[in-house]
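Subject: Structure for you to look at

Hi,

Here is the structure I said I would pass on. Have a look first, and my notes follow underneath.

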Amino acid sequence: MKWLFSACLLLLVHLAHAEQFVRSHALVMHGEPALAADFPHLPYVNPNAPKQGSITHEAQGTFDTFNPFIVKGNPAAGVGQIYDTLLSANQDEAFALYGLLAETIDLPADRSWVRFNLRPQARFHDGQPVTAEDVVFTFNLLMEQGAPFYRAYYGSVKSVSAESKLSVRFDFVDGSNRELPLILGQLPILPKHFWQQHDFSKADLTLPLGSGPYQISEYDTGRSVSYSLVKDYWGKNLAINRGRYNIATINYEYYRDSSVALEAFKAGRIDYRLETSAKDWATAYTGPMFDSGKVHTDVLKNENPQGMQGFVFNTRREMFKSRDIRKAIGLLFDFEWTNEQLFYGAYKRTESYFAASELAATGFPEGAELALLSPFKEQLPKELFTTPFSLDKTRGDGNVRPQMREALALLKGAGWQLDKGKLVNAQGQQMHIEFLLYQKSFERIVLPYTRNLQKIGISTEIRLVDVSQYVNRVQSFDFDMVVGSFGQSSSPGNEQRDFWGSKAADHVGSRNIIGIKNPVIDQLIEAVIAAGDRDALIAATRALDRVLLWSYYVVPQWHLNAWRVAYWDKLKRPARNPKYGLGLDSWWVE
């Protein structure tokens with residue numbers, strides 16, 4: 001009996017040291033998931049929607065690859081639909097993910113690791129099972145050969161291992177990154193047996209293998225691509241998918257610019273359009289098809305943070321290293337005139353990198369936000385602590401003389417002065433700014449801005465290039481100024497490293513196109529990522545926002561808290577929209 005007692009004692013010791021975790025059907029950033037484990041379907045879908053018909057979307061430019069995971073090439077629109085991820089989003093929650101490839105998730109209290117337990121029925125399109133080895137292979141492949149974004153995004157992962165055929169575990173450097181388990185849940189899983197036979201680094205038209213609801217059915221290189229619903233899709237009966245992926249064929253037709261695509265929509269060649277032009281929305285959506293109800297135009301509420309869109313400075317350029325120069329150039333953008341004359345008064349000026357959300361910095365820094373910023377007082381502008389941030393407002397009549405005077409004073413202090421109508425430096429070189437664009441429709445917005453810059457002696461040029469050249473130049477940081485957009489979620493995290501982190505500034509293809517190398521911003525990014533609760537996240541994000549704003553890295557443009565959508569009557573949508581998305585995958589054809 002003595003041996004039995006010893007064995008039981010050893011078992012008890014082992015159990016006492018076993019890692020404790022909670023097994024769940026979902027992961028959330030903070031709090032508890034809104035949907036129980038036995039939820040029947042997402043709350044905003046029609047579970048009885050028919051699965052039939054086709055939809056044609058527009059795409060701009062061209063494509064030359066079906067590999068969206070590397071820097072090379074222009075990936076085909078919609079190609080992400082062929083892949084399943086470990087978890088899938090509920091667009092009614094700020095950041096909540098529910099099991100897709102993974103049936104359950106194991107997470108310890110300290111969030112120092114996560115385990116995904118895969119569904120045994122999960123299959124790739126060739127019938128091969130999705131296994132933990134595929135997850136390990138995917139992660140390592142993206143980290144080694146994928147775009148630089150992945151190395152920044154998953155930088156806090158220490159190791160990944162397949163514990164069994166259907167269980168995969170990720171261990172983290174520490175448990176401070178609360179978001180990391182969730183963003184790993186967004187990992188699209190690639191088939192190991194397929195990519196071991198193909199060159200992942202090539203930007204070509206090799207037809208990839210996925211496990212998602214759609215697969216590529218037809219394409220015309222650079223012109224169109226079609227995806228067909230997988231009839232025996234393994235996940236079609238899952239609660240997370242019920243009422244989604246209802247359209248049998250999804251087509252993407254490529255057009256050289258938005259104006260041509262608009263005419264194609266009105267002619268019935270395109271079925272759905274998300275309109276981004278205030279002018280077109282106000283003037284172009286008229287005619288018999290609209291009057292008769294054959295085409296619907298809806299404005300749908302958008303509850304997401306609006307992020308930042310603006311004219312982006314490339315701070316790798318010597319002339320843009322000065323904060324005062326960046327501020328001076330920003331003063332000459334007359335938003336008030338632009339909004340009234342070109343946009344029919346449709347927009348609000350963006351004054352935050354997290355606009356239209358509780359994450360936006362307002363007023364003076366105080367409380368937890370001030371506590372985060374105070375240690376950096378000597379490294380930050382004094383105004384950041386004493387003055388609420390706001391952008392200069394013009395009279396809206398095209399007269400920017402007050403802004404010109406302030407801009408010239410700032411430029412003079414930075415070593416530039418007017419000489420015979422030209423703004424020159426100490427070497428007599430005139431300041432020259434090239435605006436790199438790929439959308440011809442944006443020329444009418446940039447032209448008035450360049451005229452104001454020319455009034456203070458700056459030489460300007462608008463360079464319009466095709467999409468491929470534009471992408472290549474931006475990814476290699478070969479530009480002065482571009483129109484950039486930095487989208488944000490309600491729960492910012494790791495992606496901030498790739499937007500503003502110093503390590504990303506020199507990585508070709510990173511999203512830090514500004515070239516920011518600011519140690520204060522680096523530390524505030526880590527504070528955002530490590531935030532232990534919602535209040536801490538809000539404080540850290542506001543602090544980050546405030547430092548970005550006072551650094552004048554972009555000339556902010558505008559935003560609209562809504563989606564403007566137009567669609568032909570054959571398309572139907574559920575009774576309501578999700579809070580944080582358009583929910584297009586829940587629409588159907590009648």
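Keep in mind that this is a predicted model. I'd start with Arg-349, which is buried yet makes no salt bridge. The nearest side chain of opposite charge belongs to Glu-336, and that is 5.0 Å away, whereas a salt bridge would need the nitrogen and the carboxyl oxygen to be within 4 Å.

So what does the side chain of Arg-349 reach instead? One partner is the backbone oxygen of Pro-556, at 2.8 Å. Another is the backbone oxygen of Gln-557, at 3.4 Å. Arg-349 itself sits in strand S16, which covers residues 348-349. Leaving out residues up to four places away in sequence, Arg-349 touches Val-555, Pro-556, Gln-557, Trp-558 and His-559, along with Phe-333, Phe-335, Leu-391 and Asp-392.

Next up is strand S7, residues 113-118, where six of the six residues are buried. Trp-113, Arg-115 and Asn-117 point one way from the strand, while Val-114, Phe-116 and Leu-118 point the other way. There is another arginine to look at here, since Arg-115 is among the buried residues of S7.

S7 has these pairings:

- With strand S6 (residues 102-107), S7 pairs in the antiparallel sense over four bridges. Asp-106 has Arg-115 as its bridge partner in S7. The hairpin of S6 and S7 has five residues between the strands, and in it Arg-111 takes a positive phi near 55 degrees.
- With strand S9 (residues 167-172), S7 is joined by five bridges, again antiparallel. Here the bridge partner of Arg-115 is Arg-169 in S9.

Last, there is an open sheet of three strands in the order S2-S5-S4, with antiparallel pairing. Strands S2 (26-28) and S4 (87-89) are at the edges with a single partner strand each, so one side of each has no neighbour in the sheet. From one strand to the next, the twist averages 30 degrees. S2 pairs with S5 (residues 96-99) over three bridges, in the antiparallel sense, and Leu-27 stands opposite Leu-97 of S5.

If you only have a few minutes, I'd go to Arg-349 and its contacts with the backbone oxygens of Pro-556 and Gln-557, then on to Arg-115 with its bridge partners Asp-106 and Arg-169.

Cheers

Definitions and conventions
Residues are numbered from 1 along each chain as its sequence is written. This is a predicted model: local features need pLDDT of at least 70, side-chain atom pairs count only at pLDDT 80 or more; totals for chains, interfaces and linings use all residues. Side-chain values use heavy atoms; hydrogens and water are left out. Two strands pair if DSSP finds at least two bridges between them. Helices (H or I, at least four residues) and strands (E, at least two) are DSSP runs, numbered from the N terminus. Axes are lines fitted to C-alpha atoms, for helices over the stretch in contact, and angles run from 0 to 180 degrees between N-to-C directions. Buried means under 20% relative accessible area, exposed over 50%, partly exposed in between (1.4 Å probe, protein chains only). Lys and Arg count as positive and Asp and Glu as negative; His and the chain ends are not counted. A polar contact is a pair of N or O atoms within 3.5 Å; within protein, one must be able to donate a hydrogen and the other to accept it, and residues adjacent in sequence count only if both atoms are side-chain atoms. Contact means heavy atoms within 4.5 Å.
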